[in-house]
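Subject: A structure for you to explore

Hi there,

Here is the structure I promised to pass on to you. Please open it beside this email, so you can look up each residue as you read.

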Amino acid sequence: MRTEDLHINVDRLMKRLDTLAGIGAIEGGGVCRLALTDEDRLGRDLVSGWMEELGLAVTVDRIGNVVGIRQGREDCPPVLTGSHIDSVATGGRYDGSLGVLAGLEAMAVLDEAGVTTRKPIGVAFFTNEEGARFAPDMMGSGVHQGMLDLGEMLDIRGIDGRRVSDALAEIGYAGSESVGAFKADSYLELHVEQGPVLEQEGFTIGAVEGVQGISWTEYRLTGTSNHAGTTPMHLRKDAGYVAAAIAVEARRLALEMGGTQVATVGVSELRPNLVNVIAAEALLTLDLRNTKEERLQWAEARLNELIEGIVSEEGVGVQSRRLARFEPVTFDPDMIALVEGTAQRLGCRVKRLPSGAGHDAQMFAPNCPTGMIFVPSQGGISHNVAEYTAPEDIRAGADVLLQALIARAG
Ligand code: GLV
Ligand code: MN
Ligand code: MN
């Protein structure tokens with residue numbers, strides 16, 4: 001059979017997705033596999049085992065990324081695919097896992113067909129893509145591609161106070177492979193869209209043009225606890241009120257700016273968090289994103305001004321800390337065209353679009369030709385247990401991945 005006619009086995013892929021989703025399974029069909037937890041470890045063991053069954057040369061690097069390489073006829077940098085298997089605490093079963101398992105599926109199909117490509121092909125899962133336990137996100141791929149510093153990342157503490165280096169050692173994934181110098185021929189990642197565009201417009205495949213910039217900041221506000229009944233409004237230093245006002249201003253600003261600007265306060269915690277006590281402390285996070293760097297910088301500056309105003313008016317203290325900052329990236333025109341052309345050849349309706357979510361691919365984009373394939377997310381729902389992509393769409397996306405990998409690897 002000609003390699004152009006090879007197809008993935010969707011039943012085998014769905015079975016693997018199901019098995020992985022059984023680890024850290026939560027009510028509603030989703031998963032909780034926060035990075036470097038026991039659930040992450042079990043997921044890693046499972047997927048590494050599959051890599052070994054496929055005869056890949058598996059390595060674990062110092063930040064815990066796992067890469068499996070299938071040899072080619074030539075000894076040269078591999079065409080790499082992959083994604084992540086960690087999740088947010090209330091995650092869906094497709095986010096990340098699909099890209100990794102579709103990469104494995106592509107390898108299995110090549111094995112069955114007895115095909116040896118000219119260049120090696122690798123499949124990877126990267127540590128802590130989500131950033132939900134340890135910020136920043138895309139930590140493993142960032143270190144892998146020399147975008148983030150290994151030492152700094154190993155030293156980061158998570159929301160539970162645990163350090164990355166300790167958590168890696170605890171789960172047995174503090175590997176020895178060096179990082180920061182890995183040369184890939186190219187990188188291509190399949191992922192669920194996690195937004196509504198493909199479904200709403202009736203497309204099966206997204207040829208991703210790039211990823212928007214991401215800015216994460218944490219604010220710690222310090223006010224004064226006092227009695228909710230006796231303290232006149234003008235005498236309060238209410239950290240809870242300031243946290244709420246920041247959330248309102250962030251949303252107002254994003255709506256005013258329009259375009260791709262989005263703003264989210266995802267964490268808001270008050271202390272002591274009691275009905276009749278003015279909050280002495282508040283912890284909140286702000287997630288700002290835009291496809292245009294200048295617009296993102298403008299949003300950051302404007303919000304800083306607004307926050308300074310609110311904070312000083314109420315007389316509360318504020319300490320801020322940057323959790324993540326990534327500029328927008330654009331993908332390689334040839335890789336975008338490869339995804340688009342492959343999808344068209346396979347008879348899929350394909351649309352070019354930017355990614356709203358962060359992805360490991362964005363860490364590769366400055367270093368090698370990089371692209372992404374999106375498949376529709378039902379109702380545009382993600383970071384939610386109800387995340388769903390239909391098996392026909394998974395089949396289409398994984399076939400595009402297989403054929404694009406073959407085209408790239410020769
Ligand atoms: C990662 O999933 C992100 O976009 O926050
Ligand atoms: Mn993801
Ligand atoms: Mn995610």
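Below is a short tour of what was found, one region at a time. Please keep in mind that this is a predicted model.

**Strand β5 and its neighbours**

A good place to start is strand β5, which covers residues 79-83. How many of the residues of β5 are buried? Five of its five are, and the strand is mostly covered. Look at which way they point: Val79, Thr81 and Ser83 go one way, while Leu80 and Gly82 go the other way. Residues on both sides of β5 are buried.

Now follow the pairing. β5 runs parallel to strand β6 (residues 121-125), and five bridges join the two. Within this pair, Thr81 sits opposite Val123 of β6. To get from β5 to β6 the chain passes through helix α3 (residues 97-112), and this β-α-β crossover is right-handed.

β5 also pairs with strand β7 (residues 186-192), again in parallel, through three bridges. Here Thr81 stands opposite Leu188 of β7. Thr81 is therefore a handy residue to click on, since it faces Val123 in β6 and Leu188 in β7.

**Strand β9 and its neighbours**

Next, go to β9, which spans residues 213-222. β9 is mostly covered, with eight of its 10 residues buried. Does β9 run parallel or antiparallel to β12? The two are antiparallel, and 10 bridges join them. If you want one pair to look for, Tyr219 has Leu284 of β12 as its bridge partner.

β9 is also joined to strand β13 (residues 317-326), by nine bridges and in an antiparallel arrangement. In that pairing, Leu221 stands opposite Val318 of β13.

After β9 comes a loop that leads to α8 (239-257), and Gly223 lies in this loop. Gly223 is buried, at 16% relative accessible area. Gly223 and Ala239 are 16 residues apart in sequence, yet their C-alpha atoms are 4.9 Å apart in space.

**Two glutamates in helix α9**

Helix α9 covers residues 293-314, and Glu293 is part of it. What does the side chain of Glu293 contact? One partner is the side chain of Arg325, in a polar contact of 2.9 Å. Another polar contact, of 2.7 Å, links the side chains of Glu293 and Gln297. Glu293 counts as buried because its relative accessible area is 14%, and the cut-off for buried is under 20%.

Glu300 is also in α9. With a relative accessibility of 15%, Glu300 is buried as well. Its side chain makes a polar contact of 3.3 Å with the side chain of Arg322.

**Unusual spots in the backbone**

Some loops are worth a slow look. The peptide bond between Ala135 and Pro136 is cis, with omega about 10 degrees. Pro136 lies in the loop between β6 and α4 (139-144). Another cis peptide bond runs from Arg271 to Pro272, where omega is near 5 degrees. You will find Pro272 in the loop between β11 (268-271) and β12 (281-290).

Asn273 belongs to the loop between β11 and β12 too. Its phi is near 65 degrees, which is positive although Asn273 is a residue other than glycine. Is Asn273 buried or exposed? Asn273 is exposed, with a relative accessible area of 56%.

Gln194 has a positive phi as well, of about 70 degrees, and is not a glycine either. Gln194 is located in the loop between β7 and α7 (197-201). Gln194 is buried, with a relative accessible area of 16%.

**A pocket to find**

Last, a word about empty space. Rolling a probe the size of a water molecule over the atoms shows where such space is left. The second largest pocket holds about 190 Å³. Which residues line the second largest pocket? Among them are Thr59, Asp61, Val67, His144, Glu177 and Phe182. Sorted by class, the lining has five nonpolar, four polar and two charged residues.

Enjoy looking around, and write back with any questions.

Best wishes

Definitions and conventions:
Residues numbered from 1 in each chain as written. Chains lettered and ligands numbered in written order. Predicted model: local features only at pLDDT ≥ 70, side-chain atom pairs only at ≥ 80, totals over all residues. Heavy atoms only, no water. 1 Å grid on protein atoms, 1.4 Å probe; cavity = no way out; pocket = protein on both sides within 12 Å on 5 of 7 lines; lining within 4 Å. Points joined across faces, edges and corners; volume = space filled by probe spheres on them. Nonpolar A, V, L, I, M, F, W, Y, C, P; charged D, E, K, R; others polar. Buried < 20%, exposed > 50% of the residue type's maximum accessible area, 1.4 Å probe, protein only. Helix = DSSP H or I, 4+ residues; strand = E, 2+ residues; numbered from the N terminus. Pairing = 2+ DSSP bridges. Right-handed = clockwise from strand over helix to strand, strands pointing away. Polar contact = N/O pair within 3.5 Å; in protein donor to acceptor, adjacent residues only side chain to side chain.
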